[in-house]
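Dear colleague,

Please find below the structure that I am handing over to you, with its sequence. My notes on what was found in it follow directly after.

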Amino acid sequence: MTILIRSIRPLLLCMIVAAAPLLYGDEVMDRLVRLVGRDAGLCVEVPHLDESLTAFEQGEFFQRLNHSKIYAEWKTGIHHRKLAELAALVEKHSGKPARQFVREVFGTAVVVAAYPEPGSKMSAILMSEALSREGLESAIGAWNRVEPPQIESIAFSTHTYYRRTCSPKPGHPSVTLYYATLGRVLLLSDREELVRRTLELADQKKPAGSVLELPAFQQARRSLGGSCAARAYLNPRAFDAMLGVMANGSDSSQHATQSKANESPACRTIQAAWRRCE
């Protein structure tokens, strides 16, 4: 099956991921959201990440969690130890506390956009607005000192982006990432085409190809107001192929006909409900 993305009125679902009493202007997020394409399956906005974390840590839920048995067991486990080791590496190579490092690189705004790929895969790109261009450049330098990678610069239009490849380790394959900067904005993905596409959107004077221009997106954003610690926008049609659902309920291929014959009534009911998602 193919993914049907409706160009006139992509159907978006909007949900609040978390809430906190934080006020912010949408213009802060617009600089990043305008870099997200209309056919994105998921767009997550996190404004003022550091303030959100601080508010969460000061909240009643975290205080209870901090004294719970589950949290105590997690702090003695391998995942907490790895996180502590990563924080120590950040502090060593950046010369800054890990919390300050996160604040300077991700504290202003973060957007993660996910796009469907052929088959049942999704690819994603992270976009972050740092406090300053100098701070972002310093952070990238520290990141590259943690584990000296092989870095190749690639010219694209009026921009330059980078292919960053780390050597394989025992039990871990080689990792290749692509990143670029737009002033104090960081673009980071494991898919080269997403970085190139985002740079193309950045060159457009008007965000005509961006999710930011979709009426459904704007309506959903207005319905939430400004007191969200994070917002997520879901385009159901981008997931139709993954779920084996056709938006119009029809498919002429013989394979699809045979698949429908083998579907259970419950499965058909779920697929019909998914097609009605707005």
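The pLDDT is the predictor's confidence in each residue, on a scale from 0 to 100. I begin with this term, as the model is predicted. The protein chain averages a pLDDT of 78, and 77% of the residues score at least 70. Confidence is highest in strand β8 (residues 185-189), with a mean of 95, and lowest in strand β1 (residues 13-19), with a mean of 34. Strand β1 should be read together with the stretch around it: over residues 1-25 the pLDDT is below 50. Beyond near neighbours in sequence, residues 1-25 nevertheless have 78 contacts in the model. A further stretch, residues 249-258, also stays under 50. For residues 249-258 the model has 8 contacts beyond four places in sequence.

Overall architecture

The protein chain has 278 residues, of which 37% count as buried. Its secondary structure comes to 12 helices and 9 strands. Considering contacts between residues at least 6 apart in sequence, 68% join residues at least 24 apart. The accessible surface of the chain is about 15700 Å², and carbon and sulfur atoms account for 57% of that surface.

Salt bridges

How many salt bridges does a search of the whole structure find? The search returns 13. Several of them share residues, and one group deserves a closer description: Asp 30, Glu 45, Arg 221 and Arg 231 are linked in a network of salt bridges.

The network may be followed pair by pair. Asp 30 is bridged to Arg 221, with the closest N and O atoms 2.6 Å apart. This pair connects distant parts of the chain, since Asp 30 belongs to helix α1 (residues 26-33) and Arg 221 to helix α9 (residues 215-224), 191 residues apart. Arg 221 also meets the side chain of Glu 45 in a salt bridge, at 3.1 Å from N to O. Because Glu 45 lies in strand β2 (residues 42-47) and Arg 221 in helix α9, this pair ties together parts that are 176 residues apart in sequence. Glu 45 in turn forms a salt bridge with Arg 231, at 3.0 Å from N to O. Arg 231 is located in strand β9 (residues 228-234) and Glu 45 in strand β2, so this pair joins parts that are 186 residues apart in sequence.

Which members of the network are buried, and which is partly exposed? Arg 221 counts as buried because its relative accessibility is 3%, under the 20% cut-off. Glu 45 is buried at 0% relative accessibility, and Arg 231 is likewise buried at 0%. Asp 30, by contrast, has a relative accessible area of 24% and is therefore partly exposed.

Cysteines

The count of disulfides comes to 0, where a disulfide requires a pair of cysteine sulfur atoms within 2.5 Å. Two cysteines may be noted for their burial. Cys 43 is buried, with a relative accessible area of 3%. Cys 166 also counts as buried, at 8% relative accessibility.

Surface patch

A nonpolar patch on the surface is formed by Trp 74, Leu 83 and Leu 86, which together have about 290 Å² of accessible area. Of these residues, Leu 86 lies in helix α5 (residues 78-94). Leu 86 counts as partly exposed because its relative accessibility is 49%, and exposed would require over 50%.

Two further glutamates

Is Glu 104 buried or exposed? With a relative accessible area of 16%, Glu 104 is buried. Glu 104 is found in helix α6 (residues 98-106). Leaving aside residues up to four places away in sequence, Glu 104 touches Lys 96, Ala 130 and Leu 131.

Glu 134 is found in helix α7 (residues 133-146). Glu 134 is exposed, with a relative accessible area of 56%. Although Glu 134 and Arg 184 are 50 residues apart along the chain, their C-alpha atoms are separated by 7.8 Å.

When you review the model, please keep the confidence values in view, in particular the pLDDT below 50 over residues 1-25 and under 50 over residues 249-258.

With kind regards

Technical notes: Residues numbered from 1 in each chain as written. Predicted model: local features only at pLDDT ≥ 70, side-chain atom pairs only at ≥ 80, totals over all residues. Heavy atoms only, no water. Buried < 20%, exposed > 50% of the residue type's maximum accessible area, 1.4 Å probe, protein only. Salt bridge = Lys/Arg side-chain N within 4 Å of Asp/Glu carboxyl O. Helix = DSSP H or I, 4+ residues; strand = E, 2+ residues; numbered from the N terminus. Patch = residues over 30% accessible without salt bridge, like charges linked within 9 Å, V, L, I, M, F, W, Y side chains within 5 Å. Areas by Shrake-Rupley, 256 points an atom, 1.4 Å probe, with all protein chains shown as cover. Contact = heavy atoms within 4.5 Å.
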